[in-house]
Amino acid sequence: MEAQTEIEISDAEWEVMRVAWTLGNVTSSQVAEIMADKMGWKTATVKTLLGRLVKKGALRAEKNGRAFNYYPMVEEQPSMDEAVGTLFGHLCQMRVGQTLVDLVNQTELSRTDIATLQAVLTEKAKHAPAMVDCDCVPGTRC
(Lines give C-alpha, C1' and ligand atoms only; values in the text may rest on other atoms or scores of the structure.)
Protein backbone atom coordinates (compact mmCIF):
# COMPACT_ATOMS: atom_id res chain seq x y z
CA MET A 1 0.00 0.00 0.00
CA GLU A 2 1.06 3.53 -0.69
CA ALA A 3 1.86 6.17 1.90
CA GLN A 4 -1.21 7.66 3.49
CA THR A 5 -2.53 10.77 1.81
CA GLU A 6 -5.51 12.82 2.84
CA ILE A 7 -8.46 11.40 0.93
CA GLU A 8 -11.94 12.61 1.75
CA ILE A 9 -14.23 9.61 2.00
CA SER A 10 -18.02 9.91 2.35
CA ASP A 11 -19.96 7.85 4.88
CA ALA A 12 -21.13 5.46 2.14
CA GLU A 13 -17.58 5.12 0.81
CA TRP A 14 -16.39 4.24 4.32
CA GLU A 15 -18.77 1.27 4.31
CA VAL A 16 -17.26 0.01 1.05
CA MET A 17 -13.71 0.59 2.31
CA ARG A 18 -14.46 -1.41 5.48
CA VAL A 19 -15.31 -4.39 3.26
CA ALA A 20 -12.17 -3.90 1.15
CA TRP A 21 -9.94 -3.55 4.22
CA THR A 22 -11.46 -6.64 5.83
CA LEU A 23 -11.19 -8.88 2.76
CA GLY A 24 -8.07 -7.29 1.24
CA ASN A 25 -9.06 -8.24 -2.32
CA VAL A 26 -12.69 -8.03 -3.30
CA THR A 27 -14.83 -8.14 -6.45
CA SER A 28 -17.68 -5.77 -7.16
CA SER A 29 -20.06 -8.74 -6.88
CA GLN A 30 -18.79 -9.55 -3.39
CA VAL A 31 -19.13 -5.93 -2.26
CA ALA A 32 -22.61 -5.68 -3.83
CA GLU A 33 -23.77 -8.83 -2.04
CA ILE A 34 -22.38 -7.68 1.32
CA MET A 35 -23.81 -4.16 0.96
CA ALA A 36 -27.21 -5.51 -0.15
CA ASP A 37 -27.38 -7.58 3.05
CA LYS A 38 -25.89 -4.94 5.34
CA MET A 39 -27.30 -1.69 3.92
CA GLY A 40 -29.97 -2.68 1.39
CA TRP A 41 -27.97 -1.09 -1.45
CA LYS A 42 -28.43 -1.88 -5.15
CA THR A 43 -25.52 -3.13 -7.27
CA ALA A 44 -25.46 0.15 -9.24
CA THR A 45 -24.90 2.10 -6.00
CA VAL A 46 -21.97 -0.12 -5.05
CA LYS A 47 -20.41 0.18 -8.51
CA THR A 48 -20.72 3.98 -8.34
CA LEU A 49 -19.01 4.01 -4.93
CA LEU A 50 -16.25 1.66 -6.12
CA GLY A 51 -15.64 3.94 -9.11
CA ARG A 52 -15.41 7.01 -6.87
CA LEU A 53 -12.96 5.27 -4.54
CA VAL A 54 -10.76 4.23 -7.48
CA LYS A 55 -10.82 7.80 -8.82
CA LYS A 56 -9.84 9.13 -5.37
CA GLY A 57 -6.97 6.64 -5.15
CA ALA A 58 -8.38 4.76 -2.15
CA LEU A 59 -8.86 1.57 -4.19
CA ARG A 60 -7.08 0.04 -7.17
CA ALA A 61 -9.12 -1.85 -9.78
CA GLU A 62 -7.64 -4.77 -11.69
CA LYS A 63 -9.56 -6.42 -14.52
CA ASN A 64 -9.90 -10.18 -14.09
CA GLY A 65 -11.82 -11.59 -17.05
CA ARG A 66 -15.22 -9.91 -17.02
CA ALA A 67 -14.93 -8.89 -13.38
CA PHE A 68 -12.80 -6.40 -11.52
CA ASN A 69 -10.84 -7.05 -8.35
CA TYR A 70 -10.44 -4.13 -5.97
CA TYR A 71 -7.51 -3.62 -3.62
CA PRO A 72 -7.17 -0.99 -0.87
CA MET A 73 -4.49 1.59 -1.66
CA VAL A 74 -4.65 3.29 1.74
CA GLU A 75 -4.29 1.62 5.11
CA GLU A 76 -7.22 1.32 7.49
CA GLN A 77 -5.76 2.59 10.79
CA PRO A 78 -4.08 5.71 9.34
CA SER A 79 -7.29 6.47 7.45
CA MET A 80 -9.34 6.20 10.65
CA ASP A 81 -6.78 8.28 12.57
CA GLU A 82 -6.90 10.95 9.87
CA ALA A 83 -10.71 11.08 9.92
CA VAL A 84 -10.84 11.34 13.71
CA GLY A 85 -8.10 13.99 13.71
CA THR A 86 -10.05 16.02 11.17
CA LEU A 87 -13.25 15.72 13.20
CA PHE A 88 -11.55 16.62 16.48
CA GLY A 89 -9.85 19.57 14.78
CA HIS A 90 -13.32 21.07 14.30
CA LEU A 91 -14.16 20.83 18.01
CA CYS A 92 -13.40 23.28 20.79
CA GLN A 93 -10.22 21.88 22.34
CA MET A 94 -11.66 22.63 25.77
CA ARG A 95 -14.47 20.14 25.10
CA VAL A 96 -12.49 17.35 23.47
CA GLY A 97 -11.91 15.59 26.82
CA GLN A 98 -15.63 15.35 27.55
CA THR A 99 -16.27 14.21 24.00
CA LEU A 100 -13.73 11.40 24.50
CA VAL A 101 -15.39 10.44 27.79
CA ASP A 102 -18.78 10.29 26.05
CA LEU A 103 -17.28 8.26 23.21
CA VAL A 104 -15.68 5.74 25.60
CA ASN A 105 -19.00 5.39 27.45
CA GLN A 106 -20.83 4.65 24.18
CA THR A 107 -18.26 2.26 22.71
CA GLU A 108 -17.81 -1.45 23.38
CA LEU A 109 -14.15 -2.00 24.27
CA SER A 110 -12.15 -5.14 24.95
CA ARG A 111 -10.23 -5.55 28.22
CA THR A 112 -7.04 -5.10 26.20
CA ASP A 113 -8.33 -1.82 24.74
CA ILE A 114 -9.26 -0.60 28.22
CA ALA A 115 -5.86 -1.53 29.67
CA THR A 116 -4.12 0.27 26.80
CA LEU A 117 -6.25 3.36 27.31
CA GLN A 118 -5.54 3.32 31.05
CA ALA A 119 -1.79 3.10 30.41
CA VAL A 120 -1.88 5.92 27.85
CA LEU A 121 -3.95 8.14 30.16
CA THR A 122 -1.69 7.43 33.15
CA GLU A 123 1.35 8.50 31.12
CA LYS A 124 -0.44 11.50 29.62
CA ALA A 125 -1.58 12.67 33.08
CA LYS A 126 2.06 13.19 34.09
CA HIS A 127 2.38 16.19 31.75
CA ALA A 128 -1.22 17.35 31.34
CA PRO A 129 -2.16 20.98 32.01
CA ALA A 130 -4.73 21.73 34.72
CA MET A 131 -7.06 23.03 31.99
CA VAL A 132 -7.03 23.06 28.19
CA ASP A 133 -7.56 26.48 26.61
CA CYS A 134 -10.42 27.22 24.26
CA ASP A 135 -9.25 27.66 20.68
CA CYS A 136 -12.55 28.82 19.15
CA VAL A 137 -11.87 32.56 19.07
CA PRO A 138 -8.35 33.82 19.88
CA GLY A 139 -8.20 35.78 23.14
CA THR A 140 -11.57 34.62 24.50
CA ARG A 141 -12.73 31.91 26.92
CA CYS A 142 -15.62 29.56 26.22
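What follows is a short walk through this structure, from the whole chain down to a couple of single residues. Keep in mind as you look around that this is a predicted model.

Let's start with the big picture. The chain has six helices and three strands. If you trace them along the sequence, you meet them in the pattern α-β-α-α-β-β-α-α-α. So much for the parts list; how about the overall dimensions? Line the chain up along its principal axes and its C-alpha atoms fill a box of roughly 60 × 40 × 30 Å. The radius of gyration is 20 Å, whereas a compact globule of 142 residues would have one near 14 Å.

Now for the surface. The chain exposes about 10100 Å², and 54% of that comes from carbon and sulfur atoms. Of the 142 residues, 24% count as buried. As for charge, there are 15 positive and 19 negative side chains, and the centres of these two sets lie 6 Å apart. It's also worth asking how contacts are spread along the sequence. Take the contacts between residues at least 6 apart in sequence: 57% of them join residues at least 24 apart.

Next, find the sheet. It is an open sheet of three strands in the order β1-β3-β2, with antiparallel pairing. That leaves β1 and β2 as the edge strands, each pairing on one side only.

Take the β1 side to begin with. Strand β1 covers residues 26–27 and strand β3 covers residues 67–72, and two bridges join this antiparallel pair. To spot the pairing on screen, look for V26, which stands opposite Y70 in β3.

On the other side, strand β2 (residues 59–64) runs antiparallel to β3, and six bridges join them. You can follow this pairing with two landmarks: L59 stands opposite P72 in β3, and N64 stands opposite A67 in β3. The hairpin of β2 and β3 has two residues between the strands, and here G65 takes a positive phi near 70 degrees.

While you're looking at the strands, a general point helps: in a regular strand, side chains alternate between the two faces of the sheet.

Let's zoom in on one residue of the sheet. N69 sits in strand β3. Is N69 buried or exposed? With a relative accessible area of 10%, N69 is buried, because the cut-off for that label is under 20%. And which residues does N69 touch? Leaving out residues up to four places away in sequence, N69 touches N25, V26 and T27, along with R60, A61, E62 and N64. Among these partners, V26 belongs to β1, while R60, A61, E62 and N64 fall in β2.

For a contrast, hop over to a helix. E33 lies in helix α2, which spans residues 28–39. Its relative accessible area is 55%, so E33 counts as exposed, the cut-off being over 50%. From E33 you can also look across to V46: these two are 13 residues apart along the chain, and their C-alpha atoms are separated by 9.4 Å.

Key. Residues numbered from 1 in each chain as written. Predicted model: local features only at pLDDT ≥ 70, side-chain atom pairs only at ≥ 80, totals over all residues. Heavy atoms only, no water. Pairing = 2+ DSSP bridges. Helix = DSSP H or I, 4+ residues; strand = E, 2+ residues; numbered from the N terminus. Buried < 20%, exposed > 50% of the residue type's maximum accessible area, 1.4 Å probe, protein only. Rg over C-alpha atoms; globule rule 2.2 N^0.38 Å. Contact = heavy atoms within 4.5 Å. Areas by Shrake-Rupley, 256 points an atom, 1.4 Å probe, with all protein chains shown as cover. Lys, Arg positive; Asp, Glu negative; His and termini not counted. Charge placed at Lys NZ, Arg CZ, Asp CG, Glu CD.
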